[in-house]
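Biologist: Could you take me through one part of this model in close detail? I would like to start from a single residue and work outwards from there.

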Amino acid sequence: MKDTNLSEDKEDQEQSLAKSRGPNRPTRELIKQFSALVEDGLPFDVACDFLGISSQSFWSWIRKGKFFNQSPESEPKYKVYGDFEQAVKKSAAVYYHKLVNRLHDPKNLKWQRDLAILERRDRKNFAKYDLLSGGASQQLEELDPDSRYA
């Protein structure tokens, strides 16, 4: 009788541990939820925390998705990772698009906030750069965006 209870307790512990680790692969529902959070402006790591996904799992899924989307001979079992990677990229682009549209709105009195968010999240595309002689570009300053508008 004791052996049965011990084995049941061990199984319960293993199941609860598996649940606490989060999902081991993305599902269609998880992709929808994650995409909605990113479109609302949550950073990837916060969206992961909200949904109970470890950051290691998130970046592993992104790597697998890139591999699937770039390799024509990918195994079909990796398609969900490719879908996840594409959905994450699209959701981030939708969020950036919302911010850029707000920047162009003349009634937006908080445009500095939107610009600071864009600069902080995507320095390559939105940070200040100066064109040097010879065509090379150099970032003008490495400042905290919040300090400029305080």
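Modeller: Happy to, and please keep in mind that this is a predicted model. Let's start with S35, which has a relative accessible area of 11%. Buried means under 20%, so S35 counts as buried. The helix that holds S35 is α2, covering residues 28-39. What does S35 touch, once its neighbours within four places in sequence are set aside? The contacts of S35 are then with A87 and S91.

Those two partners lead us on to the next helix, since α5 is the run 79-103. There is a simple geometric point to recall here. An α-helix has 3.6 residues a turn, so residues three or four places apart point the same way.

Now to the pocket. The largest pocket holds about 320 Å³ of space, and 16 residues line it. Nearest the centre of this pocket are F44, W59, V88, K89 and A92. Which helix gives the most to the lining? That is α5, with 7 residues. Both α4 (55-70) and α5 supply at least two residues each. By chemical character, the lining has 12 nonpolar residues and 4 charged ones, with no polar residues.

The other helix named there, α4, deserves a look of its own. With 16 residues at 1.5 Å a residue, α4 should span 22 Å, and its end C-alpha atoms are indeed 22 Å apart, so expectation and model agree. The buried residues of α4 are S57, F58, S60, W61, I62, G65 and F68. What do these buried residues pack against? Their partners are α2, α3 (44-51) and α5. This brings us back to α2, the helix in which S35 is found.

Finally, let's step back to the whole chain. The protein chain has 8 helices and 2 strands, and along the sequence they run α-α-α-α-α-α-α-β-β-α. Of its 150 residues, 28% are buried, and S35 is one of the buried residues. Among contacts with a separation of 6 or more, 45% join residues 24 or more positions apart. The accessible surface of the chain comes to about 10800 Å², with 53% of that belonging to carbon and sulfur atoms.

Terms used. Residues numbered from 1 in each chain as written. Predicted model: local features only at pLDDT ≥ 70, side-chain atom pairs only at ≥ 80, totals over all residues. Heavy atoms only, no water. 1 Å grid on protein atoms, 1.4 Å probe; cavity = no way out; pocket = protein on both sides within 12 Å on 5 of 7 lines; lining within 4 Å. Points joined across faces, edges and corners; volume = space filled by probe spheres on them. Helix = DSSP H or I, 4+ residues; strand = E, 2+ residues; numbered from the N terminus. Nonpolar A, V, L, I, M, F, W, Y, C, P; charged D, E, K, R; others polar. Buried < 20%, exposed > 50% of the residue type's maximum accessible area, 1.4 Å probe, protein only. Contact = heavy atoms within 4.5 Å. Areas by Shrake-Rupley, 256 points an atom, 1.4 Å probe, with all protein chains shown as cover. Expected span 1.5 Å × (residues − 1).
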